[in-house]
Amino acid sequence: MKNFIRAENLRHVYKSSSGDKVALAEINFSISQGEFVAIIGTNGSGKSTLAKHFNALLLPTSGKIFIDGLDTSDEKNLWRVRENVGMVFQNPDSEIVAAIVEDDVAFGLENLGIEPQKIRERVDLALDSVNMSDYKKFAPSKLSGGQKQRIAIAGVIAMRTKIIVFDEPTAMLDPQGRREILEMVKKLHAQGKTIIYITHFMEEAAAAQRVFVMEGGRIIKDDTPREVFTDVKEMRRLGFGVPVAAELAERLRRKNFKLPQKILTADELAEALK
Ligand code: ADP
Ligand code: MG
């Protein structure tokens, strides 16, 4: 479904005594159901502000955002919007609310008034899908950052939302933890979830179907990872790196290697060099 998520002149201004801060200028976009969109942008470009508009944690200063046709700024839509959108944030510690893993995963469901037997089933399935079933009786405080993040994801999976928004979920994880989270995200996308994935790791953004590049509260690029990341010069000018294979291909071209223009992955580079 097209226009599953739609922003129309979405603007957000933080008001404070020291003056107003325009965090989102007038943003427009449309996302189809089942799409996997990555968002990259320098610090302060408005990514987290945008993330919080998907589930009405923030409301537009002007303009609108529609989630599955629901205007987030209409108060009577609030619960239906929240039922549609799960959020996973950067700091796993601030997301854990219960003293035992399974209670933490169940937390959101208990607030929906689902019967206990159904809750247990959903929690078990969710823990299984993030490979954390063995830790169900554990105290979250005993888990690694990556495991905590998987518990947070299990909580969202258990809610069965159609959309999941991730705001730099891997920023505090080691490379192994990062890989595991990205694998989960790909799996959720394959199951039909609509994914919004904010990251500053370009290799992660390259796994999406579409990349938004944000700067100064605007989306300055909206294209496929291949188009975005193979324009190495432009990305450098904007202050971003690109995936290693794209960077290496660019350097080899400068040394007069004859390579195709739009190499994005290590496999493609290896194939071209063969
Ligand atoms: P990003 O996630 O891309 O780093 P944010 O959305 O967090 O960007 O912030 C966008 C801009 O809004 C920044 O200039 C930031 O300083 C400002 N900002 C964010 N949160 C607040 C707030 N609660 N009050 C005032 N300004 C804020
Ligand atoms: Mg942020």
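**Reading the ligand shell and the pockets**

Author: In this predicted model, ligand 1 is surrounded by Y14, K21, A23, T42, N43, G44, S45, G46, K47, S48 and T49.

Reader: Which elements give two or more residues to that shell, and how do its residues divide by class?

Author: The elements are β2 (19-31) and α1 (47-54), and α1 supplies the largest share, three residues. By class, the shell holds two nonpolar, seven polar and two charged residues.

Reader: Which atoms lie 2.7 Å, 2.8 Å and 2.5 Å from oxygen atoms of ligand 1?

Author: A backbone N or O atom of G44 lies at 2.7 Å, a polar side-chain atom of K47 at 2.8 Å, and a side-chain N or O atom of T49 at 2.5 Å. Of the 560 Å² that ligand 1 exposes when taken alone, the protein buries 61%.

Reader: How is empty space found, and where is the largest pocket?

Author: Empty space is revealed by rolling a probe the size of a water molecule over the atoms. Here the largest pocket holds about 770 Å³ and is lined by 23 residues, with M87, F107, G108, V156 and M159 nearest its centre. Among the elements that give two or more residues to this lining are α4 (101-110) and α6 (145-159), and the lining divides into 12 nonpolar, seven polar and four charged residues.

Reader: What lines the second largest pocket, and which element gives the most?

Author: This pocket, of about 290 Å³, has a lining that includes P175, R178, R179, F201 and E203. The most comes from α7, with six residues, and the lining as a whole has five nonpolar, no polar and six charged residues.

Definitions and conventions. Residues numbered from 1 in each chain as written. Chains lettered and ligands numbered in written order. Predicted model: local features only at pLDDT ≥ 70, side-chain atom pairs only at ≥ 80, totals over all residues. Heavy atoms only, no water. 1 Å grid on protein atoms, 1.4 Å probe; cavity = no way out; pocket = protein on both sides within 12 Å on 5 of 7 lines; lining within 4 Å. Points joined across faces, edges and corners; volume = space filled by probe spheres on them. Helix = DSSP H or I, 4+ residues; strand = E, 2+ residues; numbered from the N terminus. Nonpolar A, V, L, I, M, F, W, Y, C, P; charged D, E, K, R; others polar. Near = heavy atom within 4 Å. Polar contact = N/O pair within 3.5 Å; in protein donor to acceptor, adjacent residues only side chain to side chain. Areas by Shrake-Rupley, 256 points an atom, 1.4 Å probe, with all protein chains shown as cover.
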